[in-house]
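Got your viewer open? Set the protein to cartoon, keep the sequence panel handy, and let's take a walk through this model.

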Amino acid sequence: MSQKVLLTGGAGFIGSHTYIELIKAGFDVVILDNFSNARPDVIDRLEVITASPVTCYKGDVLDGALLDQIFAEHKIDAAIHFAALKAVGESADIPLEYMNTNIAGLYSLLRAMDRAGTSALVFSSSATVYGQPDQLPVPENAPRSYTSPYGFTKLACEQSLEQVAASDSKWAFGILRYFNPAGAHDSALIGEDPSDIPNNLMPYIAKVATGELAELAVFGGDYDTPDGTGVRDYIHVMDLARGHVLSVKALLETGQCHTVNLGTGIGYSVLDMLHAYARAAEKPLPHRIAPRRLGDVASVYADPTQARDLLGFTAELGLDEMCASSWNWVSRRKNT
Ligand code: UFG
């Protein structure tokens, strides 16, 4: 019988792409999502892509009774916990919301898993836990800190998982530290779809390419980087999705915890990204150099060795695939 995975936040950007890879790998999947940052038609689109019905509960991870119902109705072998708030700037305005959704949300899920006897969990963490890294590429054992309430919640969740795992060896946790996700599924039926003006680079560039936004403000042109603009580790969302499948498999096979970076190990600048996207969209993309954004660092990119050694994970898709698949998604979406 297939193993069954609960995806909290499974209708969101990374969650929906991971859903496809899990189905492809032979897992049964149950989605729980409150649709606060996902469109309902994502579910229909997942049904088209996978050619099979999707099991989805609409609700909140803080709702313990709903979690109990899901665990009673399905024999869940593992959970992947995506459901969380993720905007760095917003987290400074509403820190309590971030702490409640992100930290209390994780506790709510863990307690429900404990009641149901499920002990394998993959947790969506972030390179934000490295704060301002002083070592590049960043290895997993680099010092952790935070520069925003959002970063605080991710670090608090990681530390909570570590304490829980230390208390009882039944728990198997996979902590995945994402770098900068980009791109979309090849079908162009799902992708990143922020309803407001995007905070992040890739969705912002995408909206400049579709003409929804006039120009990109490049935050800082005087960093100590090859072209003066910020350098990050962009990873294709389908690679990221595959990383989750490998993480769940490792947890279920070994029962051992792991913490890994999910990145490519390659750093690209803001201008590299802009130029690559302009190639994919076959048009020049207007931009101007603007002041630095508060809290940004010059360069962050992953040491991907541990993900390779522990999970057999290496990113396979490059910059051109990220830009082409994103453009394919946003240009078709705008025309439908
Ligand atoms: N940038 C611009 N203009 C924009 C948006 C971004 O120039 O309109 C630049 C930023 O200054 C930075 C780069 O593009 O140099 C990437 O910025 P993003 O906001 O896309 O991503 P960050 O690396 O700042 O943040 C991401 C995640 C966070 C996470 C962090 C961890 O969005 O959730 O990585 O390193 F905390």
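The tour starts at the ligand, moves on to the cores, and ends in the loops. Keep in mind throughout that this is a predicted model.

**Stop 1: the ligand**

Select the ligand and bring up the residues around it. There are 19 of them, and the ones that come nearest are Asn200, Leu201, Ala217, Arg232 and Asp296. Color that shell by residue class and you should get nine nonpolar, six polar and four charged residues. Which strand gives the most to this shell? Strand 8, residues 216-219, does, with four residues.

Now show side chains and look at the ligand's oxygen atoms. An oxygen of the ligand sits 3.0 Å from an N or O atom in the side chain of Asn180. For Arg293, a side-chain N or O atom is 2.8 Å from a ligand oxygen. With Phe219, look at the backbone instead: one of its polar backbone atoms is 2.8 Å from an oxygen of the ligand. How much of the ligand does the protein bury? On its own the ligand would expose 690 Å², and the protein buries 89% of that.

**Stop 2: helix 7**

From Leu201, which you've just picked out as one of the residues nearest the ligand, go along helix 7, residues 201-210. Are its residues buried or exposed? Click through them: Leu201, Met202, Pro203, Tyr204, Ile205, Ala206, Lys207, Val208, Ala209 and Thr210 are buried. That's 10 of the 10 residues in the helix, so helix 7 is largely enclosed by the rest of the structure. Take one more step to Gly211, which follows the helix and has a positive phi, near 90°.

**Stop 3: the nonpolar cores**

In soluble globular proteins, nonpolar side chains tend to be buried together. To see that here, select Leu7, Leu22, Leu46, Ile80 and Leu262: these have the most contacts inside the largest nonpolar core, which has 38 residues. Helix 8, residues 237-254, supplies the largest share of this core, with six residues.

There's also a second, separate core of 28 residues, and Ala184, Tyr204, Ile205 and Leu271 are among them. You've met Tyr204 and Ile205 already, as buried residues of helix 7.

Back in the largest core, zoom in on Leu46. Leaving out residues up to four places away in sequence, Leu46 touches Gly10, Ser16, Tyr19, Ile20, Ile31, Ala51, Val54 and Ile190.

**Stop 4: Thr8**

Next, select Thr8 in strand 1, residues 4-8. With a relative accessibility of 1%, Thr8 counts as buried. What does its side chain make a polar contact with? The partner is the side chain of His81, at 2.7 Å. Show the rest of the surroundings too: beyond residues up to four places away in sequence, Thr8 touches Leu32, Val61, Ile80, His81, Phe82, Ala83 and Leu109. Ile80 is a familiar name, being one of the residues with the most contacts inside the largest core.

**Stop 5: the loop between strand 5 and helix 6**

Go to Ala127, in the loop between strand 5 (120-126) and helix 6 (149-167). Ala127 is buried, at 13% relative accessible area. Sequence neighbours within four places aside, Ala127 is in contact with Arg177, Tyr178 and Phe179. Try a distance from its C-alpha to that of Val300: these two are 173 residues apart along the chain, yet separated by 8.3 Å.

Pro137 is found in the loop between strand 5 and helix 6. Look at the bond joining Leu136 to Pro137: the peptide is cis, with omega about -10°.

From Pro137, jump 162 residues along the chain to Ser299, where the C-alpha atoms are 9.3 Å apart. Ser299 belongs to the loop between strand 13 and helix 10 (305-311), and counts as buried at 16% relative accessibility. Not counting neighbours within four places in sequence, Ser299 is in contact with Pro133, Leu136, Thr225, Val231 and Arg232. Arg232 takes you back to the ligand, as one of the residues nearest to it.

**Stop 6: two positive phi values**

Finish with a pair of backbone oddities. Phe35 isn't a glycine, but has a positive phi of about 60°. Find Phe35 in the loop between strand 2 (28-33) and helix 2 (41-50), where it is buried at 16% relative accessible area.

Glu282, also not a glycine, has a positive phi near 55°. Glu282 lies in the loop between helix 9 (270-281) and strand 13 (287-290). Buried or exposed? At 73% relative accessibility, Glu282 counts as exposed.

Technical notes. Residues numbered from 1 in each chain as written. Predicted model: local features only at pLDDT ≥ 70, side-chain atom pairs only at ≥ 80, totals over all residues. Heavy atoms only, no water. Near = heavy atom within 4 Å. Polar contact = N/O pair within 3.5 Å; in protein donor to acceptor, adjacent residues only side chain to side chain. Areas by Shrake-Rupley, 256 points an atom, 1.4 Å probe, with all protein chains shown as cover. Nonpolar A, V, L, I, M, F, W, Y, C, P; charged D, E, K, R; others polar. Core = buried A, V, L, I, M, F, W, Y, C linked by side-chain atoms within 4.5 Å. Buried < 20%, exposed > 50% of the residue type's maximum accessible area, 1.4 Å probe, protein only. Contact = heavy atoms within 4.5 Å.
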